Amino acid sequence: MDVTISVPEGHEQIQMLGSAQRHLKLIREALGVSVHSRDGTIRVSGEPAAVVVARGVLERLAERARSGGSATRQEVLDMIAQGTSSARSSSPASRGGGAW
């Protein structure tokens, strides 16, 4: 599964992606997705459940950046953990079928 997400420009982009795009690296490593940022967009690809979590985290980071805030490393990890637990609780595996 692939999704493309628009990225704000300038200072908001740095707040969303983190310094040197560290937030993207955290998402990539924690979820096992492929993440590429180019020309004002981010492309996330991988297993559908992981891509959904990554998209949710990126959307939350974008909202925070638009309101003038940034996230710490720990806050990004917490967003990932919250998204992962939500995805698992609504996945077929949690209802007795399929894997993550």
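**Sheet, helices and salt bridges of the predicted model**

An open sheet of three strands is present, with the order β1-β3-β2 and antiparallel pairing. The model is a predicted one. The edge strands are β1 and β2, the latter covering residues 34-38, and each of them pairs on one side only. Averaged over the sheet and with direction ignored, neighbouring strands are turned by 15° against each other. Strands β1 and β3 run antiparallel and are joined by five bridges. In this region S6 stands opposite T41 of β3. Helix α3, spanning residues 48-66, lies across β1 and β3. Its direction is at about 155° to that of β3.

The salt bridges were examined next. The count comes to four. Among them is the pair R43 and D2, whose closest N and O atoms are 2.4 Å apart. R43 lies in strand β3 (residues 41-45) and D2 lies in strand β1 (residues 2-6), so this salt bridge ties together parts that are 41 residues apart in sequence. Both partners fall into the partly exposed class: R43 has a relative accessibility of 43%, and D2 has a relative accessible area of 42%. R43 is counted as partly exposed because its value lies between the limits of 20% for buried and 50% for exposed.

Another salt bridge is formed by the side chains of E29 and K25, at 3.9 Å from N to O. Both residues lie in helix α2, which covers residues 22-31. They are four residues apart, about one turn of the helix. E29 is exposed, with a relative accessible area of 55%. K25 is partly exposed, at 44%. The cut-off for the exposed class is over 50%, so E29 falls within this class, whereas K25 does not.

The side chains of D39 and R38 also meet in a salt bridge, with an N to O distance of 3.8 Å. Here both residues are exposed. The relative accessible area is 73% for D39 and 64% for R38.

Helix α2 has a buried side. Its buried residues are H23, L24, L26, I27 and L31. These residues cover an arc of only 160° around the axis, and therefore they lie on the same side of α2. The face turned away from this buried side carries the exposed residues R22 and E29. E29 thus appears both on this face and in the salt bridge with K25. Several elements contribute to the cover over the buried residues of α2. They include helix α1 (11-17), strands β2 and β3, and helices α3 and α4. Strand β3 thus takes part in this cover and also pairs with β1 in the sheet. Helix α3 is likewise part of the cover, and it lies across β1 and β3. After α2 comes G32, a residue with a positive phi, near 70°.

Helix α4 spans residues 73-89 and contains T84. T84 is buried, with a relative accessible area of 14%. This value is under 20%, which is why T84 is assigned to the buried class. A polar atom of the T84 side chain lies 2.8 Å from the backbone oxygen of I80. The side chain of this buried threonine therefore has a polar contact with I80, because the distance of 2.8 Å is within the limit of 3.5 Å. Helix α4 is also among the elements that cover the buried residues of α2.

Methods: Residues numbered from 1 in each chain as written. Predicted model: local features only at pLDDT ≥ 70, side-chain atom pairs only at ≥ 80, totals over all residues. Heavy atoms only, no water. Helix = DSSP H or I, 4+ residues; strand = E, 2+ residues; numbered from the N terminus. Buried < 20%, exposed > 50% of the residue type's maximum accessible area, 1.4 Å probe, protein only. Polar contact = N/O pair within 3.5 Å; in protein donor to acceptor, adjacent residues only side chain to side chain. Pairing = 2+ DSSP bridges. Axes fitted to C-alpha atoms, helices over the stretch in contact; angles between N-to-C directions. Contact = heavy atoms within 4.5 Å. Arc of directions from axis to C-beta.
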